[in-house]
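The following exercises accompany the sequence and structure shown below. Each consists of a task and a solution worked in steps.

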Amino acid sequence: MLDPEGRVVTWNSGAERFKGYTADEIVGEHFSRFFSQEDCDLRLPQRALETAAREGRFEAEGWRIRKDGTRFLAHAILDAIREEDGALVGFAKITRDITEKRQLEKATYESALQLRLLVQGVRDYAIYMLDPQGRITSWNSGAAAIKGYEEQEVLGRHFSLFYTEEERGRGTPEMALAASLRDGKFEAEAQRVRKDGSLFWAHVLIDPIYNEAGEHVGFAKITRDISEKRQAEHDLRQTQEALLQSQKLQALGELAGGIAHDFNNLMTVLSGSADLMLRQPDMPVEKRSRYLSVMLETAERATSLTSQLLAFARRQPLEPEVLDLSVRLDAMGEMLQRTLGSRYEVELDLAPALWNVEIDPTGLEAALLNAVLNARDAMQNGGRITISTANAPRPEGDGVILAIADTGEGIPPETLKRVFEPFFTTKAVGKGTGLGLSQIHGYAVQSGGTARIVSEVGKGARVELWLPRTRKERQTDSAGPEEITRFPGLKVLVVEDSEHVRYFARQLLGELGCGVIEASNGNEALEQLKAHDVDLVFSDIVMPGMSGLDLAKKIRETYTDIPVLLASGYSSKQFIPQNEREFPILRKPYKLETLTAGIGQLTNLSVGLEEGSING
C-alpha cells in the first residue's frame with residue numbers, strides 16, 4: 001500500500017523477494033525509488049499517482065530497479081483507495097515480474113519471424129497453410145513463383161483452385177484432405193494448374209496441424225514443381241530405350257548375318273527352279289509340279305525366317321503365349337548354329353516332358369540370343385554352348401529352368417556382382433552397350449521369374465532363367481488340309497499399292513469366284529466405293545498416304561455394312577497396336593487357303609479362326 005503522497009505503507013513477502021528490500025528498509029520510503037532515473041526525470045511516478053487518483057487506476061509495463069541496482073521488467077497496477085465520502089486515503093500497488101515472460105515472448109516472436117523469413121525465402125517450394133475446410137490462410141514466395149498467384153489473390157480461396165477440372169469433378173481435393181487426416185499425411189505426384197492455365201507436374205505433401213489441446217486447426221501444404229525432373233526421367237528412359245534398341249539391332253545384325261546363308265540357299269532354289277521352268281516350256285507336268293512344290297515350300301521357309309527377323313526387331317510390350325520351351329528351342333537350334341558359325345558348337349539338352357510357361361516368345365528369343373552372343377564373346381577361340389531346359393519345383397511355386405552354359409574363360413567375382421547392371425560392360429569401347437545381360441534380367445522379372453549367372457574363372461559361365469509354370473494348355477495348330485470355299489458373285493474391292501501384289505490378289509479372288517474392283521491407294525478406294533456396289537474391301541495396311549487402318553476406319557464410319565479385311569507383311573500381333581486391332585488381319589504372304597479363311601470369317605462362312613488375326 002501507498003499513502004496519498006506515494007510513500008510505502010505496507011510491504012509483503014512477494015515484494016521483498018523480487019525487489020530485495022525488507023519491510024523495515026522500505027516502509028515510509030517513496031515508491032519512486034523503484035523507478036529508473038530516466039523515468040523519474042520524466043515524472044512518471046507522479047503521473048502514475050495522478051492518473052490513478054483521477055481515473056481510479058493506472059496500469060503499465062516498464063523497467064523497475066531492485067535494491068542491488070539490477071533491472072527487471074514489471075507489470076504494475078496502481079488502484080486509488082477512497083473512504084465512503086470519496087476522500088483519497090492511498091493506493092493499492094500490485095507489481096509482477098514479467099521479465100522471463102517477455103523474454104520467452106520475444107524468443108517466440110523472433111523464432112516465428114525467422115521461420116516466416118525462412119518460409120518466405122524458399123522459392124523452390126510452395127509452402128502454405130489451409131484451414132480445416134481447405135481454404136488458404138498463408139502463402140509464401142515459392143507458392144507465388146510456382147503457381148503464379150500473389151498472396152492477396154488466393155487468401156481465403158479453396159486450394160482446389162490448383163486442381164484440374166476433371167479432378168475437381170472427381171472430388172480429388174476433398175479426398176486428399178480426408179486421406180491426410182486418416183493417415184497422418186497425404187503424398188502424391190500429379191498435374192496441377194497455374195494461374196495462366198498451364199499444367200505442371202507437382203509433388204504434393206499435405207500434413208494435418210493440431211493445437212496443444214489436440215484439436216485439428218488446419219493443414220500444412222507443400223508443393224514442389226517436378227516438371228523438369230519428370231522430363232529428365234522421360235529423356236533418360238528414351239535414351240535407355242534407344243540404347244536397348246541399338247543393342248537389339250546389333251544382335252539383329254548378328255542374327256541376319258548368321259541366317260544369310262539360309263536365305264541364299266532359299267533364293268538359289270527359287271531362282272533356279274523358276275529359270276528351269278522358263279527355259280523348258282514343254283517340261284512334263286509331273287516334273288513341273290515337283291519344281292512348283294519345292295518353290296512353295298521354299299517360300300514358306302523364307303516367310304518363317306522373315307517373321308523371326310521382324311519379331312526380333314519389334315518394339316512392343318510383352319504379349320505372353322503358352323509355350324513348351326523345349327519345343328521352341330529345338331526349332332531355334334539351327335538358326336543359332338548358323339548365327340554363331342562353324343567355330344562354335346551349339347548343343348541342346350532339352351527336357352522331354354517340360355512344364356508349360358506363359359511368356360512372350362519374342363522376348364525369349366531376344367534374351368536367348370543375347371545370352372548366346374555373350375557366351376560366344378567369352379570364347380575367342382571357339383567352344384561349346386549348351387542350351388538346356390529342366391523342370392524346377394521351388395517352395396514358392398513350380399517353374400522351368402532355361403540355362404545357357406559356355407566353355408569360356410569365366411567371370412571374375414568382382415565382375416560377376418555387376419553383370420546385370422545396365423550399361424556395365426567389360427568389352428572395348430564400341431564393342432558392346434552393356435545392355436545384353438540387363439535385358440535378360442529384365443525379361444525374366446517381367447515374366448514373373450528370376451535370372452542369375454553362375455561362373456568360376458577358367459570354368460566357363462552359366463546363365464539361368466527361372467520362369468514360373470502355367471497350368472494353361474498350349475494352343476495347337478489344327479491338323480488336316482485347309483478347305484477352300486468359293487464365293488461366287490462376291491464383289492471385292494482390292495486396295496494395294498504394289499501392282500504385282502494387286503495382280504496376284506485379283507487372280508486368287510477370281511479363283512474363288514469373286515468379282516474384283518481395284519484401287520492403288522486409300523483415296524482411290526473411297527472413290528471406287530462411291531461408284532460401285534461392294535460386298536467386301538480387301539486392303540493392304542502399309543501404303544503411301546492413307547494407311548489401310550485409316551481407310552478401314554473411314555469405311556466403317558460411312559459404309560457400316562461393308563466389312564474390311566486387312567493384309568500386312570508384319571505379324572498382326574507384333575506390329576499392330578493393341579487398340580488398333582479392330583479389323584481382321586491377313587498375314588502376307590497369303591495363299592488361296594488363307595484368303596478363303598479371311599473372307600469366310602467376315603462372311604460367316606467359317607468358324608474357329610483367331611479373332612483379329614488370320615495366319616492360315
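Two residues are in contact when they have heavy atoms within 4.5 Å of each other. The model to which this is applied is a predicted one.

**Exercise 1. Describe T51: where does it lie, is it buried or exposed, and which residues does it touch?**

Step 1. T51 belongs to helix α4, which covers residues 44-55.

Step 2. A residue is called buried under 20% relative accessible area and exposed over 50%. The value for T51 is 16%, so T51 is buried.

Step 3. Setting aside residues up to four places away in sequence, T51 touches G56, R57 and F58.

**Exercise 2. Give an overview of the protein: how many helices and strands are there, and what share of the residues is buried?**

Step 1. The protein has 20 helices and 19 strands.

Step 2. It consists of 616 residues, of which 40% count as buried.

Step 3. Consider next the contacts between residues at least 6 apart in sequence: 58% of them join residues at least 24 apart.

Step 4. The exposed area of the protein is about 33,900 Å², and 51% of that area is supplied by carbon and sulfur atoms.

**Exercise 3. Which residues touch the most other members of the largest nonpolar core, and which helix contributes the largest share of this core?**

Step 1. In soluble globular proteins, nonpolar side chains tend to be buried together.

Step 2. The largest nonpolar core here has 39 residues, and L325 and I387 are the ones that touch the most other members.

Step 3. Helix α13 (residues 361-377) provides the largest share of this core, namely eight residues.

Step 4. Beyond its neighbours within four places in sequence, I387 has contacts that include L329, L336, V346, L368, V372 and L402. E347 and D349 are also among the residues in contact with I387.

Step 5. There is also a second, separate core of 23 residues, and A144, I146, F162 and A202 are among its members.

**Exercise 4. Determine where the buried residues of helix α18 fall around its axis, and what they pack against.**

Step 1. Helix α18 spans residues 548-558, and its buried residues are G548, L549, L551, A552 and I555.

Step 2. Viewed down the axis of α18, these buried residues fall within an arc of 160°, and therefore they line one face of the helix.

Step 3. E557 and T558, on the other side of α18, are exposed.

Step 4. The packing partners of the buried residues of α18 are β15 (491-495), α17 (522-531), β17 (536-540) and β18 (564-568).

**Exercise 5. Carry out the analysis for helix α17, then place E524.**

Step 1. In α17, G522, A525, L526, Q528 and L529 are buried.

Step 2. These residues cover an arc of only 160° around the axis, so they are on the same side of α17.

Step 3. The face turned away from the buried side of α17 carries exposed residues, N523, K530 and A531.

Step 4. The buried residues of α17 pack against β15, β16 (515-519), β17 and α18.

Step 5. E524 lies in α17 as well. Its relative accessibility is 32%, so E524 counts as partly exposed.

Step 6. E524 and V495 are 29 residues apart along the chain, while their C-alpha atoms are separated by 8.5 Å. Not counting residues up to four places away in sequence, E524 touches E518 and A519.

**Exercise 6. At what angle do the axes of helices α16 and α20 cross, and which residues meet?**

Step 1. Two packed helices are described by the angle between their axes and the distance between the axes.

Step 2. The axes of α16 (residues 499-511) and α20 (residues 592-602) come within 10 Å and cross at roughly 70°.

Step 3. Angles of 65 to 115 degrees count as roughly perpendicular, and therefore α16 is roughly perpendicular to α20.

Step 4. From α16, L508, L509 and E511 meet L592, L595 and I599 of α20.

**Exercise 7. Characterise two loop residues, G148 and R43.**

Step 1. G148 is located in the loop between α6 (141-147) and α7 (151-154). Its relative accessibility of 36% means that G148 counts as partly exposed.

Step 2. G148 and D196 are 48 residues apart in sequence, yet 7.4 Å apart in space, C-alpha to C-alpha. Not counting residues up to four places away in sequence, G148 touches A143, E153 and K195.

Step 3. R43 is found in the loop between α3 (37-41) and α4. With a relative accessible area of 42%, R43 is partly exposed.

Step 4. Although R43 is not a glycine, it has a positive phi of about 60°.

Methods
Residues numbered from 1 in each chain as written. Predicted model: local features only at pLDDT ≥ 70, side-chain atom pairs only at ≥ 80, totals over all residues. Heavy atoms only, no water. Helix = DSSP H or I, 4+ residues; strand = E, 2+ residues; numbered from the N terminus. Buried < 20%, exposed > 50% of the residue type's maximum accessible area, 1.4 Å probe, protein only. Core = buried A, V, L, I, M, F, W, Y, C linked by side-chain atoms within 4.5 Å. Areas by Shrake-Rupley, 256 points an atom, 1.4 Å probe, with all protein chains shown as cover. Arc of directions from axis to C-beta. Axes fitted to C-alpha atoms, helices over the stretch in contact; angles between N-to-C directions. Parallel < 35°, antiparallel > 145°, perpendicular 65-115°, else oblique.
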